[in-house]
Structure formats: C-alpha cells, structure tokens
Amino acid sequence: MAREFTTVGVVGLGTMGAGIVEVFARNGIDVVAVEISAPALERGRATLAGSTDRAVAKGKLAEADRDALHDRVHFAVGLDALHSVDLVIEAVPEHLDLKQRIFAELDRVCRPDAILATNTSSLSVTEISVATTRPNQVIGIHFFNPAPVMKLVEVVRTVVTAPEVVADVEALCARLGKVDVTINDRAGFIANALLFGYLNHAVGMFESHYATREDIDAAMKLGCGLPMGPLALMDLIGLDTAYEILDTMYRRGGRDRRHAPVPLLKQMVTAGLLGRKSGRGFYTYERPGSPKVVPDEATPVATEAALADGARAIAKVGVVGSGTMATGIIEVFAKAGYEVISVTRGAEKSAKVCESLKTSLNKGVVRGKLSEADRDAALGRISWSATLEHLADVDLVVEAVIEELSVKKALFASLDEICKPGVVLATTTSSLPVIDVAMATQRPADVVGLHFFNPAPVMPLVEVIRTIRTSPEATATARAVCAALGKTGVVCGDRSGFIVNALLFPYLNDAVKMLEASYSTADDIDHAMKLGCGYPMGPFELLDVVGLDVSLAIQRELYLELREPGFAPAPLLEHLVTAGYLGRKTRRGFRDHSHR
Ligand SMILES: NC(=O)c1ccc[n+]([C@@H]2O[C@H](COP(=O)([O-])OP(=O)(O)OC[C@H]3O[C@@H](n4cnc5c(N)ncnc54)[C@H](O)[C@@H]3O)[C@@H](O)[C@H]2O)c1
C-alpha cells in the first residue's frame with residue numbers, strides 16, 4: 001500500500017515553488033506554503049492567484065474549483081509551520097549551503113516520518129540529504145517549468161534513499177497526473193544535463209553577435225518545432241537560476257567547458273536582468289512576472305519596407321540540382337510567383353524532377369491547399385533545362401547539388417562566367433563553409449547561403465548565411481526573398497552547423513553519450529525531453545528519423561571546425577553507423593522499426 005499524503009509543505013514560492021503549490025492543491029492535497037518573509041509570501045500568493053486566474057479565464061478551471069484550490073493552501077512565514085506535514089518540497093534558490101541549512105532545519109521541525117524532497121535542478125541530492133539525520137527519507141522531486149503544465153517529474157534517488165520512499169513518491173507523482181522517470185543522483189539528471197549545454201551555447205551565439213535573439217529563437221522554434229527558443233526559455237527559467245545550474249553542472253559534471261556559464265549571463269544577473277521575473281532578460285516584458293514580450297530598442301523593424309531595404313529586385317530564379325531539396329525549392333519559388341529555370345544534368349533527370357514536383361503539387365490540390373488553376377500556373381512558370389548557359393539572365397541562382405565541395409566550387413566558377421552582374425548566387429549547403437564556395441567566383445560579395453529545411457515546401461524556416469565577404473545588399477535580397485516565399489529567414493554567420501544544426505546535434509550526441517553511460521534508457525530520455533521540455537520528438541526518435549549516418553557526419557563537422565572536446569561524436573553513434581543501423585531508412589537505428 002502506497003503511503004497517503006494529505007498535507008505537503010512547499011518551501012520557497014518563486015518561479016517553481018508557486019507552481020508546485022498549484023499542482024498539489026489542484027489535486028486535492030492540502031499545502032502549507034512557506035516563504036522567508038512577508039513580502040516574499042505576498043509575491044508567492046500573487047503568483048499563484050495570477051496563474052489560477054489565467055486558468056479560469058482560459059476556461060481550464062472552474063471558478064469554484066479555483067476557490068477550493070486556494071482554500072487548501074495555508075501561507076506562512078518560516079519553516080515552523082511545517083511541523084505536521086507528510087512531505088516537504090524545497091524550492092529555494094540553487095545554492096548548496098542554503099539548501100543544506102534548510103534541510104537541517106526541516107529535519108528538526110518536521111515529523112520523524114516526513115519525507116524531505118528537494119526540487120534542485122543540478123545540486124547533489126546526496127549532499128543535501130546528509131545535512132539531515134534521515135538521509136534515507138530524502139529524495140529529489142524535480143518538477144519542470146511551468147510546473148502546472150509540464151507533465152514530467154524526475155524522481156532522484158540517492159544511494160541511501162529508502163526504496164519505499166521512492167515507491168511512495170512515484171505513486172504520488174501518478175496521483176498528480178505526472179509521468180515520472182526515476183534516476184540516480186547525477187548533475188542535471190536527464191533533461192537539464194541535455195538542455196543546459198544547448199542553452200549556454202545559444203547564449204554564446206547571442207553574445208558573439210552571431211545572430212540576433214529573435215533569429216536564434218525563431219531558428220529553433222521553426223527549424224525543430226520546439227515550443228520556445230533557447231533565449232526565451234532562459235528568460236522563463238530565470239537567468240540567476242540558470243547561472244547557478246550551469247555553474248554547478250560545470251563543477252559536478254566533469255568541467256565540461258560547454259557548461260561554463262557564458263560571461264554575459266553573469267553580467268546580466270549582476271545587472272538585475274533575471275528574465276521574466278524581473279521584467280527584463282534577453283527580452284523585455286510588460287511588467288515583472290508577465291509572459292508578454294514588449295518591443296525594446298533591440299526589436300527589429302519587420303515591415304515590408306524595412307525588409308526590402310537595400311534588396312535587389314528578383315523576378316527570375318535558377319535552381320540547380322535534381323534531388324529532394326532542389327525539387328522542393330523549385331516548388332516553393334514557382335508557387336510564390338517567381339519565374340523558375342530548373343537546371344539538371346540531363347533531360348531524364350529533369351523529367352524525374354518534373355514528375356515528383358507534379359506529384360507534390362497534386363497532393364496540395366487533393367488536400368485543398370492549392371487550386372487546380374494555381375497548380376497549373378505554378379507549373380507554367382517553370383522551364384526545364386540541362387544547360388547552365390540558360391541561367392545567363394536570372395536574378396538569383398539557388399544551388400542544391402550534391403554536398404561535395406569540389407562539385408559546388410566548380411559549379412560556382414561556371415555560374416560566375418555565365419550569370420549577369422548583380423545576380424545573387426546562393427548555396428543550400430548544410431555543412432560546407434559558404435566562403436569556400438564564394439571564393440570560387442570573382443564576386444564573393446554576391447554569394448550567400450540559403451539553407452532550406454526538408455521538406456522545403458513545408459518547413460517555414462530558411463537560414464540566410466552571410467560570409468565575411470557577403471555584401472549587405474545580397475543579405476537584404478536573400479531576406480526579402482525568404483519573406484516573399486512566406487518563410488522566416490534568419491541571418492547568421494558562416495560557421496559549421498549555422499544556427500539550427502550547431503545547437504541541435506551536440507544535444508543529440510549528448511543523449512547518445514548518456515545512453516552509452518547507462519544512466520538512463522532511450523525511452524526515459526525521450527520521455528524526459530518530450531514531457532519535461534515540450535519537444536515534439538525525443539532525441540532517439542529524432543536520430544532515427546534524421547539518420548544516424550547523417551547525424552554523425554554533421555557532428556563530425558562541428559567537432560572538426562570548433563575543436564570543442566564535448567562535441568566529439570559518441571562512440572556508440574559511430575558503432576551503430578558502422579554496423580549499418582542508420583535509423584528508419586534501414587529499419588533499425590536506436591530502435592527496431594522492422595515491425596512498424
Ligand atoms: N526555474 C526553473 O525553471 C526551475 C525548474 C526546475 C527546478 N528549479 C529549481 O527549483 C529551485 C527554485 O528555483 P526558482 O527558479 O523557483 O527560484 P526563484 O528565485 O524564482 O525562487 C526562490 C524562492 O525561494 C525563496 N526563499 C529564499 N530563501 C528562503 C528561505 N530560507 N525560506 C523560504 N523561502 C526562501 C525566495 O524568496 C524565492 O521566492 C532551484 O533549486 C532550481 O534549481 C528551477
């Protein structure tokens with residue numbers, strides 16, 4: 001029989017604590033909610049009221065249920081109020097000495113059989129537990145932000161946590177409607193261990209002006225389907241909390257440089273820019289605690305006129321290549337009203353491209369997304385050729401041939417001889433340096449990267465890569481073209497992986513390393529990222545879809561260019577590729593897909 005929890009205590013009513021109170025009270029459990037001072041208690045009470053009022057306004061909570069929820073919460077200053085609770089969750093700032101002091105005090109105040117839990121994200125639960133005389137009743141219950149919304153809870157057992165305490169807490173999580181993964185005490189547990197290197201890397205991109213905050217966030221939302229971009233997420237987590245988590249993970253997790261907090265973070269924390277809770281972090285919010293972003297001096301002007309500023313007029317577009325990307329890109333341009341010349345290596349290839357293009361357009365018609373007239377008009381805008389010379393008078397060329405530098409360089413050298421002056425020459429490469437391609441021409445200022453995502457007609461993102469030789473006009477033209485295609489163009493520098501792959505693949509690689517270390521299972525890791533962070537797919541699901549060989553190749557490029565030891569490809573990934581387990585396409589990758 002699992003133990004019955006009727007009253008729980010929550011210590012610290014900040015970003016997490018207030019949400020945790022709501023989770024318990026919503027599920028019929030009485031809560032004693034404790035803060036350090038009367039003003040802090042008022043803030044916590046207001047956060048809870050704000051959140052439940054929003055739930056009522058959205059129709060997710062009845063007014064009577066909200067009132068009943070509030071009746072279950074007893075607010076108090078000081079830990080003494082926790083004398084008779086069954087379980088306490090501590091959610092005070094991420095400092096070991098503070099948490100140890102609180103646990104020593106809880107040990108003194110609480111009933112001898114009470115379970116003492118910490119919501120720490122990165123500190124050692126074991127070290128916190130030894131501040132008490134009952135380390136076997138101490139456990140980590142790591143909720144995700146916002147606690148009332150995110151389904152996951154990481155239950156962290158130490159080497160001395162009693163098995164029945166673990167079982168009781170697991171049953172409690174189920175009662176709260178949460179999915180739990182139970183794991184050992186390791187820095188960052190599952191989700192944060194995989195998340196924070198990525199978040200810190202994104203802050204580094206912002207700090208080095210590699211891309212704007214809006215572009216970094218849009219890239220990860222639109223390129224990977226994440227619920228929010230990394231900088232917006234940092235603001236939600238709180239920059240002070242994020243700093244402490246990174247700092248602890250750096251020290252506890254083998255001094256991986258990727259966890260050494262980017263210096264900008266410390267500066268922002270010192271300046272009081274803590275994210276949403278202080279009203280300003282990477283973005284500016286309507287007021288402290290508000291989720292609503294308001295424009296500030298860094299907000300880009302996104303009018304059509306601003307986008308077109310300095311852009312050259314584009315009417316005629318050449319697309320070179322006959323693969324999946326080229327086919328998708330021809331479709332995108334033709335549907336947007338551009339005149340398109342497709343150049344392949346022969347009539348047979350052109351016929352194939354034309355066939356798959358027609359199939360794709362017809363699907364659009366069947367699904368009611370495209371009228372027959374629009375389909376025919378789009379097809380009518382395309383001409384087919386096997387000769388580069390036909391690109392003499394286009395305004396823009398998009399190259400999407402095989403991912404081999406020598407081939408691309410030779411092609412760009414030819415384009416340089418054939419195309420008229422002022423044309424923008426774009427490569428869709430996903431891993432080669434754009435500058436190498438640009439320098440194969442006599443006009444590197446006109447060369448950009450236009451990194452479309454697969455499938456191009458569907459994916460809303462395009463990365464616009466400007467090299468150190470790209471002119472502002474060429475960049476402006478590329479951005480204006482993306483807008484005209486109905487895509488979001490994000491501008492970034494010419495570094496391996498651009499924005500999306502540089503942030504995504506090291507995270508996937510880290511997940512493989514975590515699996516390799518037997519810390520957790522592929523299922524639990526996938527669960528943690530989906531339910532804890534709202535990702536559309538877990539890392540192993542995604543790796544199997546993308547292809548393990550493709551993922552390994554990208555990770556190798558990142559490692560070779562950036563020389564970051566933490567980017568070294570996971571040996572397990574290499575072995576699976578060697579063994580021919582490449583993912584869905586070979587029916588086996590991290591999972592067996594042969595029966596699906
Ligand atoms: N922010 C997140 O996204 C997130 C997610 C999961 C877990 N966590 C963890 O949750 C814990 C709390 O983080 P947070 O972001 O909510 O911090 P926070 O700064 O928003 O809130 C901490 C609260 O603790 C109160 N407090 C400080 N000293 C206290 C004391 N002695 N007694 C009672 N209350 C005290 C503060 O007044 C404040 O309201 C940390 O361990 C953090 O790592 C945070």
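In this predicted model, S518 is exposed, with a relative accessible area of 63%, and this serine sits in the loop that runs between α19 (500-516) and α20. Although S518 is not a glycine, its phi is positive, at about 60°. A second residue of this kind is R255, which is likewise not a glycine and has a positive phi of about 50°; R255 belongs to the loop between α10 (239-252) and α11 (263-270) and, at 52% relative accessibility, counts as exposed. As background to these backbone features, most residues other than glycine have a negative phi, and most peptide bonds are trans.

Two cis peptide bonds may be described next. One joins N145 and P146, with omega about -5°, and P146 is found in the loop between β6 and β7. Another runs from N454 to P455, where omega is near -5°, and the loop that holds P455 lies between β16 (447-452) and β17 (461-465).

The strands on either side of the loop with P146 can be followed further. β6 and β7 run antiparallel and are joined by 4 bridges, and F143 has V153 in β7 as its bridge partner. On the pairing of β7 with strand β8 (residues 179-184), the sense is parallel and there are 6 bridges, with V181 in β8 as the bridge partner of E154. Between these two strands the chain passes through helix α6 (residues 163-175), and the resulting β-α-β crossover from β7 to β8 is right-handed. Strand β7 itself (residues 152-157) is mostly covered, since 5 of its 6 residues are buried.

What is the relative accessible area of T161? The value is 9%, so T161 is buried, and its place is in the loop between β7 and α6. A polar atom of the T161 side chain lies 3.1 Å from the backbone oxygen of V138, and a polar atom of that side chain is also found 2.8 Å from the backbone nitrogen of T158.

The ligand is surrounded by 24 residues, the closest being M16, E35, E94, K99 and S121. Sorted by class, the shell around the ligand consists of 11 nonpolar, 9 polar and 4 charged residues. Contacts to oxygen atoms of the ligand include those in the table.

| Residue | Protein atom | Distance to a ligand oxygen atom |
|---|---|---|
| V92 | polar backbone atom | 3.4 Å |
| N119 | polar side-chain atom | 2.9 Å |
| T241 | N or O atom in the side chain | 3.2 Å |

On its own the ligand has 830 Å² of accessible area, and the protein covers 88% of this. The elements that give two or more residues to the shell around the ligand are α1 (15-26), α4 (96-109) and β6 (138-143); β6 is therefore both a contributor to this shell and, as the pairing above shows, the antiparallel partner of β7.

A last position to note is M537, whose place is in the loop between α20 (522-533) and α21 (539-546). Is M537 buried, partly exposed or exposed? At 32% relative accessibility, M537 counts as partly exposed, because that value falls between the limits of 20% and 50%. The C-alpha atom of M537 is separated by 9.0 Å from that of G225, a residue 312 positions away along the chain.

Technical notes. Residues numbered from 1 in each chain as written. Predicted model: local features only at pLDDT ≥ 70, side-chain atom pairs only at ≥ 80, totals over all residues. Heavy atoms only, no water. Near = heavy atom within 4 Å. Polar contact = N/O pair within 3.5 Å; in protein donor to acceptor, adjacent residues only side chain to side chain. Areas by Shrake-Rupley, 256 points an atom, 1.4 Å probe, with all protein chains shown as cover. Nonpolar A, V, L, I, M, F, W, Y, C, P; charged D, E, K, R; others polar. Buried < 20%, exposed > 50% of the residue type's maximum accessible area, 1.4 Å probe, protein only. Pairing = 2+ DSSP bridges. Right-handed = clockwise from strand over helix to strand, strands pointing away.
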